Structure formats: structure tokens, C-alpha cells
There are 2 protein chains.
Amino acid sequence: MDVTVLDRLLQISELFQRDLANAFAGTPLTTARVRVLWVLAHRGPSAQHDLADALETSPRNVTGLVDALEAAGYVRRAPHPTDRRAYLVELTAVASEQMERMRVDHAELSAALLAAVPESDRDALERGVAAIADRLETLVLADEAARAAVREASA
Amino acid sequence: MDVTVLDRLLQISELFQRDLANAFAGTPLTTARVRVLWVLAHRGPSAQHDLADALETSPRNVTGLVDALEAAGYVRRAPHPTDRRAYLVELTAVASEQMERMRVDHAELSAALLAAVPESDRDALERGVAAIADRLETLVLADEAARAAVREASA
DNA sequence: GCGAATAGTGCAGTACCTTCACGATATGGA
DNA sequence: TCCATATCGTGAAGGTACTGCACTATTCGC
């Protein structure tokens with residue numbers, strides 16, 4: 001029963017979640033809410049249905065997340081310039097700064113983790129992790145397509 | 001803005017979660033519940049507070065998860081042989097078989113992912129991923145210790 | 001114009017998790 | 001032996017993250 005690369009990756013996956021939860025403990029921010037802020041930082045002001053697409057969740061869920069973020073002062077709902085049904089959700093100054101800090105932390109963590117790997121292993125590591133990510137993505141997407149086909153057939 | 005190893009690892013982390021959710025869609029099983037079954041499969045029949053320790057969650061939460069698993073026929077609450085306050089939670093035959101299938105799937109996924117990596121990169125990959133996992137664990141634990149110290153000081 | 005699609009939300013419901021309080025039982029001394 | 005104390009599990013209450021359906025307001029295509 002040896003520890004495989006897969007097990008290590010799962011362990012890393014758990015540690016990431018824990019680290020993120022720790023980082024925002026004691027604030028109104030949570031994983032789901034930070035993801036909204038993160039997307040807004042990268043895409044700029046967005047309509048809620050665009051956020052739903054980017055986050056791969058339902059528009060209804062975005063409403064709730066934006067409600068919470070708005071109440072806590074992290075985002076604003078501005079009127080959409082051309083569509084009166086929609087809002088433009090945008091970061092407040094506080095949230096922009098927080099996201100910038102997060103970007104820096106992300107870069108620092110990236111560097112710190114890479115520094116733990118001997119120089120001579122880094123290229124192979126980079127290739128290997130990329131290959132695994134691609135393969136895993138392919139497998140998951142194929143699996144989801146197969147499930148969708150089954151649902152289609154039984155409908 | 002290049003894609004770092006860290007970004008790849010985060011992507012892998014998301015894909016794992018998605019894969020697990022897909023695998024149990026349409027059943028009463030969820031990530032949290034499967035984790036309970038997984039622990040039981042590895043530790044054998046356990047008292048609920050032991051499950052809470054193993055899952056790093058509260059005993060109260062375990063009560064709810066075991067309630068759901070018991071209602072769905074995946075576990076049984078047997079009397080504890082020496083402690084009348086406690087139960088021994090144990091897998092039913094159905095759940096044992098499911099966990100065995102899961103173990104096989106796990107091994108197959110492990111093999112499939114490793115097969116995506118060229119033979120010549122595997123050793124370096126293994127070392128690199130292990131080094132990153134260890135470093136990340138160290139960082140997270142140090143961070144948690146620092147937070148605990150702050151809480152202690154302000155109390 | 002007018003019917004159909006779209007943007008967002010109220011309402012209802014599920015799951016996961018927390019904290020606090022409590023009853024039942026176990027345990028380690030005096 | 002008896003009692004204080006700790007432990008095991010759960011009721012109650014509450015917060016967050018989701019889902020689906022129904023509905024309003026608006027936009028868009030013909």
C-alpha cells in the first residue's frame with residue numbers, strides 16, 4: 001500500500017482548501033464568495049449571469065453570493081449601461097486591494113512551493129503535472145459527456 | 001502571466017472534486033458522506049467521536065452524516081461492546097462493495113494519470129509532488145499554529 | 001407590435017457545518 | 001462506595017452553499 005502520486009495530489013488538494021479557509025477565517029469571506037471576487041478581479045465589472053457562467057453555477061446562486069458580498073461592502077450593484085434588466089457587479093476599493101494582496105500571496109506561495117523542488121527536477125515536474133492535469137481534464141469531460149448521453153437517451 | 005505548477009495543481013484539485021461529485025450524482029451519496037464511508041472502510045467499525053477525529057470535524061456533524069447514511073442503508077449503528085454511551089458505526093454489505101469498487105477505481109485512475117507522464121519524467125515528478133505536498137503541509141500547519149497563538153494571546 | 005428568450009429574484013427545499021445545552025454513562029480519586 | 005468530572009451522542013437554533021420553479025421586468029427577433 002504505497003503512496004502514489006495521485007494520493008499526494010489529493011493531499012495537496014485538501015491542503016489548498018484548508019489554507020484558503022484559514023486565510024479568510026474571521027471575515028465574512030468564504031471560498032464561494034472569494035471565487036466571485038476573484039472572477040470580478042480578472043474580468044472586471046460583470047453582469048450576474050456572466051458570473052454564473054464563469055463560476056459554472058446557477059444565476060440564482062450568484063444572486064445570493066452577491067447579496068452577501070454587497071452587504072459586507074465588497075461589491076456594488078451598478079445599473080447595466082445597455083440592459084435595464086441586468087446589473088453590473090463591480091468590486092469596491094476594499095475588495096480590489098484584497099484581491100491584489102491575494103494575487104501577491106498566490107505568487108509567493110507558487111515560488112515557495114517551487115523552491116521545495118530541486119532545480120534538476122523542475123522541468124520534469126512541470127511537464128508531468130501539466131500532463132496529469134490535461135489527462136484528468138480529458139477523463140472528467142469524457143465522463144460527463146457519457147453521463148449526459150445516458151440522460152439524453154433515457155429522456 | 002504564465003501558468004505555474006501551482007495553477008496546474010489548483011486545476012487538478014478542482015477536477016478531483018468535480019469527478020467525485022459526478023461519480024455519486026443520482027445517489028444519496030455526497031462528498032462528505034463518502035468520506036465517512038471511506039474512513040470506515042479503512043479503520044473498520046468506529047465510534048462516532050473517532051470518526052469525528054479522523055474526519056477533523058465535530059461529533060455533532062458526524063451524527064448528521066451517520067443519520068443520513070443509516071437511512072440510506074450504507075451503515076449500521078451497533079451497540080458499543082464496552083461503552084454504553086457510544087455506538088459502533090459499521091458498513092453494510094452494500095457499502096463495503098461500493099468502497100471496494102471505489103478502491104479499484106482509485107487505483108485505475110492513479111494508473112491512468114501516471115500513464116500520461118513519460119517514463120523518464122516519473123521519478124522527478126514523484127519527488128517533486130512529494131516535496132510540494134510536504135512543503136505545503138508545513139506552511140499550512142505553521143500558519144494554523146500562528147493563528148492559534150494569536151487567538152491564545154487575545155484570550 | 002407581439003411572442004419568445006433573457007436577467008434577476010422570491011420561495012421552498014436539501015446538505016453541510018457550527019455552537020450551546022443537556023442526558024446518559026464512564027472514570028478516577030477521596 | 002460515592003461523587004466530581006470528563007466523555008458520547010444528540011436536540012435546538014442558526015449560517016452558508018447550493019438547487020428548482022415560478023414570476024416580473026425587460027429585450028430581441030420577426
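Which helices of chain A and chain B each supply at least two residues of the surface near DNA strand C? Here are some notes to read alongside the model, which is a predicted one.

1. To take that question up straight away: on chain A the helices are H3 (48–55) and H4, and on chain B they are H2 (31–43) and H4. Both protein chains therefore have a hand in the surface near this strand, each of these helices giving at least two residues.

2. Staying with DNA strand C, 22 residues lie around it, and those that come nearest are A:Gln48, A:His49, A:Arg85, B:Thr30 and B:Arg84. By class, this surface has six nonpolar, eight polar and eight charged residues.

3. If you like to look at individual atoms, try the phosphates of DNA strand C. A polar side-chain atom of A:Thr63 sits 2.9 Å from a phosphate oxygen, and B:Thr57 places a polar side-chain atom 3.1 Å from a phosphate oxygen of this strand. A:Tyr87 uses its backbone instead, with a polar atom 3.3 Å from a phosphate oxygen. Of the strand C atoms within 4 Å of the protein, 67% belong to sugar or phosphate, and the rest belong to bases.

4. Now for DNA strand D. Helices H2 (31–43) and H4 (59–71) of chain A, together with H3 (48–55) and H4 (59–71) of chain B, each supply at least two residues of the surface near it. Among the 22 residues around this strand, A:Thr30, A:Ser58, A:Asn61, B:His49 and B:Arg85 come nearest.

5. Two arginines are worth a look for base contacts on DNA strand D. B:Arg85 has a polar side-chain atom 2.3 Å from a base oxygen, while for A:Arg85 the distance from a polar side-chain atom to a base oxygen is 3.3 Å. A:Thr57 goes to the backbone of the strand, with a polar side-chain atom 3.3 Å from a phosphate oxygen. Sugar or phosphate accounts for 71% of the strand D atoms within 4 Å of the protein.

6. Finally, the two protein chains. In chain A, 52 residues are in contact with 53 residues of chain B. The area buried between them is about 5000 Å², and carbon and sulfur atoms give 67% of it.

7. Eight salt bridges are found across this interface. One of them joins A:Arg8 to B:Asp134, with the closest N and O atoms 3.4 Å apart. On the side of chain A that touches chain B, helices H1 (5–23), H2, H5 (93–115) and H6 (119–153) each give two or more residues. H6(A) provides the largest share, 21 residues. That side divides into 27 nonpolar, nine polar and 16 charged residues.

Methods. Residues are numbered from 1 along each chain as its sequence is written. Chains are lettered from A and ligands numbered from 1 in the order in which they are written. This is a predicted model: local features need pLDDT of at least 70, side-chain atom pairs count only at pLDDT 80 or more; totals for chains, interfaces and linings use all residues. Side-chain values use heavy atoms; hydrogens and water are left out. A residue is near a molecule or strand if one of its heavy atoms lies within 4 Å of it. A polar contact is a pair of N or O atoms within 3.5 Å; within protein, one must be able to donate a hydrogen and the other to accept it, and residues adjacent in sequence count only if both atoms are side-chain atoms. Helices (H or I, at least four residues) and strands (E, at least two) are DSSP runs, numbered from the N terminus. Contact means heavy atoms within 4.5 Å. Buried area is the accessible area (1.4 Å probe) that two parts lose on being put together, summed over both. A salt bridge is a side-chain nitrogen of Lys or Arg within 4 Å of a carboxyl oxygen of Asp or Glu. Ala, Val, Leu, Ile, Met, Phe, Trp, Tyr, Cys and Pro count as nonpolar, Asp, Glu, Lys and Arg as charged, and the others, Gly among them, as polar.
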